[in-house]
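User: I would like a close look at a single helix in this protein, taking in what it packs against and what surrounds it. Please explain each term with its cut-offs as you go.

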Amino acid sequence: MKVTVHRKAHFNAAHRLYRKDWPFEKNEEVFGKCNNPQYHGHNYELIASVTGEIDQETGFVMDVKILKDLIKSEVEDAFDHKNLNEQVPEFENLNPTAENIAVVIWNKLKPKLKEDHQLEITLYETPRNFVTYKGE
Ligand SMILES: Nc1nc2c(c(=O)[nH]1)N=C([C@H](O)[C@H](O)COP(=O)(O)OP(=O)(O)OP(=O)(O)O)CN2
Ligand SMILES: [Zn+2]
């Protein structure tokens with residue numbers, strides 16, 4: 001019997017959507033206002049969902065306090081109040097779209113979980129735009 005534990009978190013970050021190897025005009029055509037060199041920010045809302053068997057002794061799939069601390073050390077400390085393009089090494093050559101941010105978060109958290117735990121990341125970039133990634 002598998003159960004999923006969810007933990008919500010948030011971080012604020014600035015970004016610009018563009019490719020360094022494209023001319024400004026092409027970035028403008030593809031990414032529009034998100035290509036503004038002045039950057040813009042989002043209040044990202046994150047949901048990390050861990051699925052696994054309930055431990056019969058503790059009754060936990062995973063202690064949520066441990067998940068909370070992992071999200072803080074791996075995501076919030078790294079991304080909160082940062083310029084993703086300029087200050088977060090993972091995005092030096094990776095466009096910080098919601099899709100790519102979700103994959104980066106999954107890659108940071110998954111190795112910290114038990115091997116038989118599945119992880120799904122839900123990332124809201126705005127209240128109406130969100131992505132999900134579960135490592136497939
Ligand atoms: N597939 C993606 N498309 C877009 C992404 C993304 O990460 N993945 N990101 C952006 C922009 O960064 C930004 O999120 C879009 O802002 P905006 O269009 O203003 O979003 P809103 O939800 O505020 O827009 P409403 O029209 O008010 O719903 C663009 N595309
Ligand atoms: Zn944006």
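Analyst: What follows starts with the whole chain, turns to the helix, and then moves outward to the ligand and the loops.

This is a predicted model, in which local features need pLDDT of at least 70 and side-chain atom pairs count only at pLDDT 80 or more, whereas totals for chains, interfaces and linings use all residues. Residues are numbered from 1 along each chain as its sequence is written, while chains are lettered from A and ligands numbered from 1 in the order in which they are written.

The mean pLDDT of the protein (the predictor's confidence in each residue, from 0 to 100) is 98, and 100% of its residues reach 70 or more. The scores of the model are ipTM 0.92 and pTM 0.97. The protein contains four helices and five strands, where helices (H or I, at least four residues) and strands (E, at least two) are DSSP runs numbered from the N terminus; along the sequence they follow the pattern β-α-β-α-β-α-α-β-β. The C-alpha trace spans about 60 × 25 × 25 Å along its principal axes. Of the 136 residues, 20% are buried, a term used where 20 or more other C-beta atoms, placed from the backbone, lie within 10 Å of a residue's own, with exposed meaning 12 or fewer and partly exposed the range in between.

The part to examine is helix 4, whose twelve residues are 98-109. From first C-alpha to last it reaches 16 Å, close to the 16 Å expected at 1.5 Å a residue, that expectation being 1.5 Å times one less than the number of residues. Its buried residues are Ala 98, Ile 101, Ala 102, Val 104 and Ile 105. Seen down the axis of helix 4, these buried residues fall within an arc of 165°, so they line one face of the helix; the arc is that of the directions from the helix axis to the C-beta atoms. As background, an α-helix has 3.6 residues a turn, so residues three or four places apart point the same way.

The buried residues of helix 4 pack against strand 2 (40-53), helix 2 (64-79), strand 4 (118-124) and strand 5 (130-133), with contact meaning that two C-beta atoms, placed from the backbone, lie within 7 Å. In the protein as a whole, 67% of the contacts with a separation of 6 or more are between residues 24 or more positions apart.

Ala 98 belongs to the buried set of helix 4, and it is also one of the residues around ligand 1, together with Leu 17, Cys 34, Thr 97, Glu 99, Glu 125, Thr 126, Arg 128 and Asn 129. A residue is placed near the ligand if its C-beta atom, placed from the backbone, lies within 6 Å of it.

Two members of this shell lead to other parts of the chain. Leu 17 has its C-alpha 8.8 Å from that of Lys 33, 16 residues apart along the chain; Lys 33 sits in the loop between helix 1 and strand 2 and is exposed, with 8 C-beta neighbours inside 10 Å. Glu 125 is 9.9 Å, C-alpha to C-alpha, from Ala 13, although 112 residues separate them in sequence. Ala 13 lies in strand 1 (residues 2-15) and counts as buried, with 23 C-beta neighbours inside 10 Å. Apart from neighbours within four places in sequence, Ala 13 is in contact with Gly 41, His 42, Tyr 44, Phe 79, Asp 80, Lys 82 and Leu 84.

Helix 2, one of the partners of helix 4, holds Lys 65, which is exposed, with 10 other C-beta atoms within 10 Å. The C-alpha atoms of Lys 65 and Pro 37 are 39 Å apart, with these positions 28 residues apart in sequence.

Two loop residues deserve a note on backbone geometry. Most residues other than glycine have a negative phi. Tyr 39, in the loop between helix 1 (24-31) and strand 2, instead has a positive phi near 70°, and it is partly exposed, with 14 other C-beta atoms within 10 Å. His 81, in the loop between helix 2 and strand 3 (82-83), has a positive phi of about 60° and is exposed, with 11 C-beta neighbours inside 10 Å.
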